[in-house]
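Please open the model in your viewer, with side chains switched on, and follow the stops below in order. The tour is concerned with charged side chains and the partners they have or lack.

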Amino acid sequence: MLRVAEAIARTDTGRQRRGNEDSSYARPPLFVVADGMGGAQAGEVASQIAVQTFERGLPDSGNGEERLAVRVQEANEVIHRRSRGEPELDGMGTTVTAALLEDEHVAVAHVGDSRAYRFRDGELKRLTQDHSLVDELVRQGKLTEQQAAEHPQRSIITRALGPEPTVEVDTGSYPARAGDVLLLCSDGLTSMIPETLITEILAGPEPLAGVADKLIAAANAAGGRDNITVVLFRIEEVAGGGPDTEQPTIVAAPGPSSDAGPRASAGDGDGVPVASPPAFGAGSEASGGARTAVAERVLGPRLARTQGRPPPAPPPRRRSEKLIKPVSALVATGIVLFLIGGGGYIATRQLYFLGTNAHAIVTVYRGLPYELPFGIKLYETFYTSGVPAALVPADRRTSLFDHHLRSQSGATKLVTSLERGDISR
């Protein structure tokens with residue numbers, strides 16, 4: 001049977017943060033890292049809620065992935081409810097990456113851009129996929145790894161616990177064997193040092209405590225721009241023995257220069273755009289506008305850190321931009337009838353405009369920006385970018401989302417500049 005032979009948790013505030021909003025938990029066979037966001041003390045509260053939810057233990061039923069996912073959803077509900085009910089916690093959220101050694105596998109549940117790795121036979125394998133803007137652009141082939149490393153919005157995440165009542169949780173199970181070392185870490189580590197250096201340090205002869213210290217020291221030597229948290233555990237095979245849960249607890253031991261306690265708080269965290277109904281224009285209707293405001297509230301602090309300016313205020317709502325109203329429906333109907341009657345409807349297929357899709361992502365649409373009664377749309381999705389609308393500065397939204405009809409090349413050129421990080425153009 002497999003069990004955890006050695007485990008350690010370390011956290012450090014880093015070189016450029018005043019507080020630590022990371023939290024971690026290490027009690028074999030369960031390990032968790034959470035990276036809070038929200039500014040002030042909100043990020044620390046969110047990450048601690050996530051860890052405390054796991055401290056209660058896992059549900060009895062289900063496999064490892066299902067049991068972890070249940071706790072992630074529970075943590076999300078609590079964080080969301082408190083952020084809505086307590087003004088000082090408004091907009092808080094956290095990433096979470098949890099791992100469970102179960103039988104011959106390691107189950108992982110993940111939301112955000114903290115990571116889980118497996119080190120085996122000198123090779124490092126990433127077990128999680130970042131929910132971040134640049135990572136999604138890399139997966140879509142729109143950025144190279146080198147461009148992503150230098151992208152001005154590389155720290156913006158697209159999924160986190162807290163902004164919405166429910167959250168999509170990535171889970172997976174990976175075969176384990178004796179000698180494997182698992183690493184969970186916040187992006188304060190991976191944003192500062194490359195995986196090649198992480199591999200080199202993990203391959204060293206030191207016990208895991210020394211490895212953790214070296215990882216944190218390397219991240220600080222590279223600049224230490226964020227809080228750094230690492231959780232490491234090594235797996236061994238034994239002929240028998242008690243359950244892993246009887247092994248000693250090791251929770252967030254301080255790093256080499258850490259002033260954090262047993263559970264650490266993390267640096268200004270990451271942002272996440274949230275889903276909203278299809279919307280066009282600077283001010284979206286009903287829940288779309290409310291959800292966009294939430295996205296800006298969460299994304300704003302991180303954007304301000306990366307670009308050195310305060311987060312953009314939500315754009316004012318304008319009644320004239322509501323799409324589904326009797327008057328606009330009648331006007332649109334008349335336009336369509338005229339175009340069809342005049343044989344010009346096909347010509348509208350050459351017209352394009354910018355808007356946002358159901359996930360508040362900047363999108364190029366083909367057709368006319370109208371919607372008829374009974375859900376008949378005069379437009380179709382032509383191209384979905386990787387840029388959340390909340391990242392577009394407020395003073396640029398009116399000109400971008402003004403229903404202005406453009407050529408195909410004109411519309412795609414604008415979106416391409418956004419994807420490359422030139423959001424002020």
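Begin by selecting Arg-118, which has its place in strand β7, and bear in mind throughout that the model is a predicted one. Which side chain of opposite charge is nearest to Arg-118? That side chain is Asp-180, 4.6 Å away, and Arg-118, although buried, has no salt bridge, because a salt bridge requires a side-chain nitrogen of Lys or Arg within 4 Å of a carboxyl oxygen of Asp or Glu. If you then display the polar partners of this arginine, you will find that the side chain of Arg-118 reaches the backbone oxygen of Pro-175 at 3.0 Å. Expanding the selection to the residues that Arg-118 touches, leaving out those up to four places away in sequence, brings in Glu-123, Leu-124, Lys-125 and Leu-127, together with Tyr-174, Pro-175, Asp-180, Val-181 and Leu-182.

Keep Asp-180 selected and add Arg-120, since these two form a salt bridge whose closest N and O atoms are 2.8 Å apart. The pair links distant parts of the chain, with Arg-120 in strand β7 and Asp-180 in the loop between β9 (170–175) and β10 (181–185), 60 residues apart. Are the two partners buried or exposed? Arg-120 is buried, with a relative accessible area of 18%, and Asp-180 likewise counts as buried, at 1% relative accessibility.

Next, select Arg-115 and Glu-195, which form a salt bridge with their closest N and O atoms 3.4 Å apart. Arg-115 lies in strand β7 (residues 115–120) and Glu-195 in helix α6 (residues 195–202), so this pair ties together parts that are 80 residues apart in sequence. Colouring by accessibility shows Arg-115 as buried, at 10%, whereas Glu-195 is partly exposed, with a relative accessible area of 34%. From here, extend the selection to Arg-126, Asp-130, Asp-135 and Arg-139, which are linked with Arg-115 and Glu-195 in a network of salt bridges.

For the last pair, move to Arg-159 and Glu-168, which form a salt bridge with the closest N and O atoms 3.8 Å apart. Here Arg-159 is buried, with a relative accessible area of 18%, while Glu-168 counts as exposed, at 53% relative accessibility.

Finally, clear the selection and display the salt bridges throughout the model: how many does a search of the whole structure find? The search finds 20 salt bridges, and the pairs visited on this tour include Arg-120 with Asp-180 and Arg-159 with Glu-168.

Methods
Residues are numbered from 1 along each chain as its sequence is written. This is a predicted model: local features need pLDDT of at least 70, side-chain atom pairs count only at pLDDT 80 or more; totals for chains, interfaces and linings use all residues. Side-chain values use heavy atoms; hydrogens and water are left out. Helices (H or I, at least four residues) and strands (E, at least two) are DSSP runs, numbered from the N terminus. Buried means under 20% relative accessible area, exposed over 50%, partly exposed in between (1.4 Å probe, protein chains only). Lys and Arg count as positive and Asp and Glu as negative; His and the chain ends are not counted. A polar contact is a pair of N or O atoms within 3.5 Å; within protein, one must be able to donate a hydrogen and the other to accept it, and residues adjacent in sequence count only if both atoms are side-chain atoms. Contact means heavy atoms within 4.5 Å.
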